[in-house]
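Please look through the structure below before reading on. The notes after it are meant for someone who has not seen it before.

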Amino acid sequence: MRHNTAIVRGVPRSIDRCELSHLDRSPIHYEIAEKEHAEYVRALVELGCRVVNLPVLDDLPDSVFVEDTAVVVDELAIVTRPGAESRRDEVETIAPTLAEYRPLVRIIAPATLDGGDVLRVGKRVWVALSERTNQDGVDQLRSLLEPLGYSVRCLDVYGCLHLKTAVTAVRSEPDPLLLINPAWIDREVFGEIEAIDVDPSEPMAANAVEIDGTVLFPAQFEQTRRRLTEAGLPVRVVPAGELAKAEGGLTCCSVLV
Ligand code: CIR
């Protein structure tokens, strides 16, 4: 997908107090996490993005994972209402920046929706009912996007945090290709769209960011990376092992507009 701008936010000093759902807590080294984030930002710049670096928010432990605060389409930016209460204050800190790029709309209570639960391929959108996104969230997203010509399909994920932990797009329209962990999601939902499976030894490897034809990919998943390169995809790896301890992947660390 062609993206001009990536909104990011640096790692807070409180990252080791982050939300965790499927991982045991293990110490997160702030300096390493910060270096990883800097490398991620460097890669985004290399791939042609203009990076908007928002101020670090030390009091909000998950605030580096900006993806969950917004769903951006060509016509508007949807400010979410994250499922984890500890993350609700993140949204108003990014809203003014989003408003510079798109008209803003908001997901409102009792709905909850995390950006990590929304996958878009062109005009097709999939949204997961998850631990973070509820039926009201799905319904509000649908009522915002369907009038704009998007199809919105709701699905379940099992065994992982977000939809995009289980599936992301590594090539965009007109010939989309997904990277998928079939253990966590029903691949039938994606119809005829082609998919590469993650290597079974790397269940967390389905979270990749495609920018203008290149796949930004976590260095720790070598087996799955081989599958991507064998499929002819250009891959740029970045270290991502420390932020992974906070259950964050690569899509989580930016909002692409
Ligand atoms: C959380 O549990 O909310 C964070 N520790 C991780 C968020 C990861 N975000 C994402 O996958 N979109």
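The points below take up one sheet with its helices, then some backbone details.

1. Status of the model. This is a predicted model, and the points should be read with that in mind.

2. The sheet. Three strands form an open sheet in the order β3-β4-β5, and their pairing is mixed. The edges are taken by β3 (70-72) and β5, each with a single partner strand, so each has one side without a neighbour in the sheet. From one strand to the next, the twist averages 25°. In general, strands of a sheet pair through backbone hydrogen bonds, in either a parallel or an antiparallel way.

3. The pairing of β3 and β4. Strand β4 covers residues 77-79; β3 and β4 run antiparallel and are joined by three bridges. To find this pairing in the view, start at Val72, which stands opposite Ala77 in β4.

4. Helices on the sheet. Helix α2, residues 91-99, lies across β3, β4 and β5. Its direction makes an angle of about 150° with β5. Helix α3, made of residues 135-145, also lies across β3, β4 and β5. For α3 the angle is given against β4, and is about 160°.

5. Cis peptide bonds. Most peptide bonds are trans. Where should one look for a cis bond? The bond from Ala109 to Pro110 is cis, with omega near 10°. Pro110 belongs to the loop that runs between β5 (104-106) and β6 (118-121), and β5 is also an edge strand of the sheet in point 2. The bond from Glu173 to Pro174 is cis as well, again with omega near 10°. Pro174 sits in the loop between β9 (167-171) and β10 (177-180).

6. Positive phi at Asp212. Most residues other than glycine have a negative phi. Asp212, which is not a glycine, has a positive phi near 50°. Asp212 is placed in the loop between β12 (209-211) and β13 (214-218). Is Asp212 buried, partly exposed or exposed? With a relative accessible area of 44%, Asp212 is partly exposed.

7. Positive phi at Glu247. Glu247 is another residue other than glycine with a positive phi, here near 65°. The loop that holds Glu247 runs between α6 (241-244) and β15 (255-256). What is the relative accessible area of Glu247? The value is 12%; buried means under 20%, so Glu247 counts as buried.

Note on methods
Residues numbered from 1 in each chain as written. Predicted model: local features only at pLDDT ≥ 70, side-chain atom pairs only at ≥ 80, totals over all residues. Heavy atoms only, no water. Helix = DSSP H or I, 4+ residues; strand = E, 2+ residues; numbered from the N terminus. Buried < 20%, exposed > 50% of the residue type's maximum accessible area, 1.4 Å probe, protein only. Pairing = 2+ DSSP bridges. Axes fitted to C-alpha atoms, helices over the stretch in contact; angles between N-to-C directions. Contact = heavy atoms within 4.5 Å.
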